[in-house]
Amino acid sequence: VGYVGVMAVIVWALAVWCGVKGVGLVEVMGVYGYGMVTWCVVWAVCLLPIETLRWITVLCGFALSGVFLLRNIHALVGPSVTTPGGGNALTGYDLDTGTTTNEKANVLRMLWILIGFCHFVFAVFLKVWFLSHTWKLDLGPLLGGGEGEATDPTTPPENPEAGGGGGDGGGGDQGGGGGDQG
């Protein structure tokens, strides 16, 4: 479910609460899903190990997908919401009274702010936790050159000088004396 599912449910629920007719949850999820396509391109560019380019790409991805979301959600929600005087509730301007005191318009404006803020948090989350990887690839062992040798870190290294006395596990010849002292 994640970000797309949660935000789609929030947007749909607020639209229904504001009296928007004909907006389905599947439509809103579709808009959010298509809005995420931009992040595939961002991911591909972020494979390059240039941090400044990564941040610029993430900000561009945020802007492109954010504009896509706001325009398409406005297309779903906007035309069907009007004020009693015939104005557009998204702008809150009532043509009859010339005022902007429509409660539903305030809710819808807060919806746009919520979408923008959540989308910004999502973009920063993607950058910090998903698109900030670094690639350190040592090809020396694979190409047969260089210092690096592939070793198993779970196997203790062999030490030829630690031999001991025949593998008896005891003290053997290690101390002085030890014979009959009598």
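**Note on helix packing and aromatic pairs**

Both Trp39 and Phe122 are buried. The model is a predicted one, and the points below should be read with that in mind.

1. Trp39 and Phe122 make an aromatic pair of the edge-to-face kind, with 6.0 Å centre to centre and 85 degrees between the planes. Trp39 sits in helix H3 (residues 38-45) and Phe122 in helix H5 (residues 103-130), so this pair ties together parts that are 83 residues apart in sequence. The pair also belongs to a wider group: Tyr3, Tyr32, Trp39 and Phe122 form one aromatic cluster.

2. The structure holds five aromatic pairs. One of them joins Phe62 and Phe120, again edge-to-face, at 5.5 Å centre to centre and with 75 degrees between the planes. Phe62 is in helix H4 and Phe120 in helix H5, so the pair ties together parts that are 58 residues apart in sequence. Phe62 is partly exposed, because its relative accessible area is 23%, above the 20% under which a residue counts as buried. Phe120 also counts as partly exposed, at 39% relative accessibility.

3. How are H1 and H2 packed against each other? Helix H1 (residues 2-17) and helix H2 (residues 25-35) pack at an angle of about 135 degrees, and their axes are 9 Å apart. The two helices are therefore oblique to each other. Their crossing is right-handed.

4. In the contact of these two helices, H1 contributes Tyr3, Val4, Gly5, Met7, Ala8, Val9, Val11 and Trp12, which meet Leu25, Val28, Met29, Tyr32 and Gly33 in H2. By class, the residues of this contact are eleven nonpolar, two polar and no charged. Tyr3 of H1 and Tyr32 of H2 are among the residues that meet here, and both are members of the aromatic cluster with Trp39 and Phe122.

5. H2 also packs on H4, at an angle of about 160 degrees and with the axes 9 Å apart. That angle makes H2 roughly antiparallel to H4, because the cut-off for this class is over 145 degrees. H2 passes H4 in a right-handed crossing.

6. On the H2 side of that contact are Glu27, Val28, Val31, Tyr32, Tyr34 and Gly35, and on the H4 side Ser65, Phe68, Leu69, Asn72, Ile73 and Leu76. The contact of H2 with H4 has eight nonpolar, three polar and one charged residues by class. Val28 and Tyr32 of H2 take part here, and Val28 and Tyr32 also appear in the contact with H1.

7. Thr38 lies in helix H3. Thr38 is partly exposed, with a relative accessible area of 21%. Apart from residues up to four places away in sequence, Thr38 touches Gly61, Leu64 and Ser65. Ser65 is also one of the H4 residues that meet H2. Thr38 and Gly66 are 28 residues apart in sequence, and their C-alpha atoms are 9.9 Å apart in space.

8. Is Thr57 buried or exposed? Thr57 is buried, because its relative accessible area is 12%, under the 20% cut-off. Thr57 has its place in helix H4 (residues 51-77). Leaving out residues up to four places away in sequence, Thr57 touches Val42 and Val45.

Note on methods: Residues numbered from 1 in each chain as written. Predicted model: local features only at pLDDT ≥ 70, side-chain atom pairs only at ≥ 80, totals over all residues. Heavy atoms only, no water. Helix = DSSP H or I, 4+ residues; strand = E, 2+ residues; numbered from the N terminus. Buried < 20%, exposed > 50% of the residue type's maximum accessible area, 1.4 Å probe, protein only. Contact = heavy atoms within 4.5 Å. Phe/Tyr/Trp six-rings, centres within 6.5 Å; stacked < 30°, edge-to-face > 60°. Axes fitted to C-alpha atoms, helices over the stretch in contact; angles between N-to-C directions. Parallel < 35°, antiparallel > 145°, perpendicular 65-115°, else oblique. Left-handed = near helix turned anticlockwise from the far one by under 90°. Nonpolar A, V, L, I, M, F, W, Y, C, P; charged D, E, K, R; others polar.
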